[in-house]
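Subject: Structure handover

Hello,

Here is the structure you asked for. Please load it first, then read my notes below.

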Amino acid sequence: MDWIEKIPGIAMPLEGAVLLSFFTAAFLTSMFEKEERPAYLLLLFGFTLSLPFLLPFFAGFSYPQWISLTLVCIPILCLLVLFFPFRGRIDYSMQNPADRFDERDTMFSRRTLVPGSKLFNEYYARRPGNKPLDNKFRKLPGLLKAGTKYYDPIIFAAANSIFDRVIQELHPRVEGEVASPDSSGGTASEHSDILLKMAVDWGAHSAGIAELQDYHVYSHGGRGSRYGQEIKVDHKYALALTVEMDYDMMRAAPAAPTVLESANQYLQSGMIGVQLAEFIRSLGYPARAHIDGDYHVICSLVARDAGLGEIGRMGLLMTPRLGPRCRIAVVTTDLPLVASPPRPQATTIDFCRRCEKCALVCPSQSIQFGPEQGSEAPIQTDIPHQTDILHKTNTLHETEALPGSGVIIGGNEKIKRWKIDDAGCFAYWCLAGTDCGRCMIVCPYAHPDNWFHRFIRFGIRNNAIFRRLAIPMDDLFYGRKPKQRDFR
Ligand code: SF4
Ligand code: SF4
């Protein structure tokens with residue numbers, strides 16, 4: 001039939017042009033990201049894949065008919081296989097801790113205990129299993145201290161000034177006087193819309209609302225004057241917001257720029273949180289901001305329940321557009337609000353089950369390999385240190401905290417989750433002098449939030465075959481163990 005013979009003459013140059021344009025655009029995007037290796041690989045892919053389609057057009061010859069028709073069909077088949085909506089069967093449901101977590105068990109609290117003091121003795125009498133773990137970090141120079149591996153007097157001073165001075169100035173404002181009752185009215189839906197919009201206008205990358213649950217709130221305070229005090233769950237709603245960590249600064253992880261960027265974004269998220277809390281109080285409703293150094297809630301769990309992401313292998317919130325490359329603040333309030341729809345990210349969990357890149361690069365071997373604990377399958381790990389700690393002490397469920405990220409799901413062995421050796425992680429911080437962040441930046445979800453990576457993330461969410469291919473492709477393009485970069 002005549003029309004069949006005409007198809008290759010039209011479709012082949014068209015498909016070749018689309019392929020070349022896509023890969024050229026991806027090449028330029030990667031160059032803009034200063035990712036030379038993926039950029040050149042994308043260019044190579046673009047030329048190699050489009051060549052068979054464009055060559056006859058430019059060289060003025062024709063393939064035999066069957067070759068032409070096969071070539072025309074290949075891209076269409078690939079599109080169907082990789083982009084047809086097919087998430088695959090994923091065995092996953094959101095896991096909620098049954099018990100409240102004690103802030104005194106976080107590394108941030110434990111690091112403040114002075115050996116020999118009453119609080120020190122009281123804590124380790126209750127948690128003797130944590131003492132040998134904590135003794136390790138006590139022998140090291142410490143976070144943001146001279147003598148550490150990545151000590152940089154200027155950058156450490158800048159980070160310290162933000163943590164110790166500027167953020168401290170925000171603490172008196174996390175709570176405050178409530179103005180006279182709201183006279184302006186407004187429905188829960190209107191309040192929610194305006195608060196979420198303001199959060200984004202004031203610099204948040206994403207924001208969502210959850211109904212406050214018991215397991216969001218620490219059972220006891222672990223820092224400053226609230227140490228040991230019971231914490232009440234006294235608000236009905238929680239607004240969680242994320243801010244983006246700078247990609248270039250984080251690529252230097254675990255070197256000094258990473259800790260400065262942490263300070264920057266704790267400050268940024270803290271300022272937005274405090275501003276929102278002040279705004280709500282001005283409407284006549286109580287509100288409390290939960291910001292760096294002054295949390296009553298576990299931010300990552302609130303953010304997950306507010307529809308902002310999922311808790312991944314490294315124990316951090318994995319957002320759809322930035323992965324773990326963000327910081328979180330929360331505002332709790334009694335202002336009537338509408339909870340955002342929960343968005344369980346089963347595909348993220350499925351990806352994490354196969355990826356394990358963070359576990360592989362972690363310098364302290366603190367991230368678990370294999371399936372979530374609590375599942376039927378045995379834990380697989382190549383890391384003697386990790387298994388040793390998990391099996392010997394069996395206490396990490398009480399102490400899950402990644403400093404800088406808030407606390408990970410804690411306190412209930414019946415739930416399925418990946419466990420982090422928080423003491424091992426923190427000991428590395430005290431050796432490095434920074435809050436490391438290596439797991440955060442190597443994560444395939446942490447690439448910049450541009451059209452190219454959104455396209456990849458869409459494929460990961462949408463199609464199980466794409467998801468499985470994305471892991472080896474990320475290894476090929478960015479390395480199984482991506483290199484640390486200098487920040488300039
Ligand atoms: S690096 Fe891989 S395994 Fe780790 S959190 Fe990211 S996607 Fe999950
Ligand atoms: S912050 Fe560093 S030491 Fe801690 S878990 Fe991540 S990679 Fe490991």
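The lining of the second largest pocket is mixed: eight nonpolar, seven polar and six charged residues. Keep in mind that this is a predicted model. The second largest pocket has a volume of about 480 Å³. It is lined by 21 residues, and R111, F163, D164, R223 and D292 are the closest to its centre. Two helices, α7 (153-170) and α10 (256-282), each give at least two residues to this lining. The top contributor is α7, with four residues.

Now the largest pocket. Its space comes to about 1,100 Å³. A total of 34 residues line it, with F22, F23, L82, F83 and F455 nearest the centre. By class, the lining of the largest pocket has 29 nonpolar, two polar and three charged residues. Which elements supply at least two residues each to this lining? They are α1 (2-32), α2 (36-59), α3 (65-83), α17 (451-462) and α18 (464-478). Helix α3 gives the largest share, eight residues.

Next, the ligands.

Ligand 1 has these residues around it: R313, M314, M318, F351, C352, C355, E356, K357, C358, C443, P444 and Y445. Nine of the shell residues are nonpolar and three are charged, with no polar ones. Helices α12 (346-355) and α13 (357-361) each supply at least two residues of that shell. The largest share is from α12, with three residues. Is C355, a member of this shell, buried or exposed? C355 is buried, because its relative accessibility is 7%, under the 20% cut-off.

Ligand 2 is surrounded by C362, P363, S364, I367, C425, Y428, W429, C436, G437, R438 and C439. Two or more of these come from each of α15 (422-432) and α16 (438-442). The largest share, three residues, belongs to α15. The class split for the ligand 2 shell is eight nonpolar, two polar and one charged.

Two cysteines of the ligand 2 shell deserve a note. C362 has a relative accessible area of 12%, so it counts as buried. C436 is at 7% relative accessibility and is therefore buried too. C436 sits in the loop between α15 and α16. Its phi is near 60 degrees, a positive value in a residue other than glycine.

How many disulfides does a search of the whole structure find? Zero. The shells hold several cysteines, among them C352, C355, C358 and C443 around ligand 1 and C425, C436 and C439 around ligand 2.

Some backbone points to check on your side. Most residues other than glycine have a negative phi, and most peptide bonds are trans. Besides C436, with its positive phi, there is Q365, which is not a glycine and has a positive phi of about 55 degrees. Q365 lies in the loop between α13 and α14 (384-393). At 34% relative accessibility, Q365 is partly exposed, because that value falls between the 20% and 50% cut-offs.

Where is the cis peptide bond that joins A253 and P254? P254 is in the loop between α9 (247-250) and α10. Omega for that bond is about 10 degrees. Helix α10 also appears in the lining of the second largest pocket.

On the overall layout, the protein chain is divided into domain 1 (2-83) and domain 2 (152-333). Their C-alpha centres lie 46 Å apart.

One last residue, P8. It lies in helix α1, an element that also helps line the largest pocket. P8 counts as buried because its relative accessibility is 7%. P8 and K139 are 131 residues apart in sequence. In space, the C-alpha to C-alpha distance between P8 and K139 is 71 Å.

That is the handover.

Best regards

Terms used:
Residues numbered from 1 in each chain as written. Chains lettered and ligands numbered in written order. Predicted model: local features only at pLDDT ≥ 70, side-chain atom pairs only at ≥ 80, totals over all residues. Heavy atoms only, no water. Disulfide = S-S within 2.5 Å. Buried < 20%, exposed > 50% of the residue type's maximum accessible area, 1.4 Å probe, protein only. Near = heavy atom within 4 Å. Nonpolar A, V, L, I, M, F, W, Y, C, P; charged D, E, K, R; others polar. 1 Å grid on protein atoms, 1.4 Å probe; cavity = no way out; pocket = protein on both sides within 12 Å on 5 of 7 lines; lining within 4 Å. Points joined across faces, edges and corners; volume = space filled by probe spheres on them. Domains from an automatic or database assignment.
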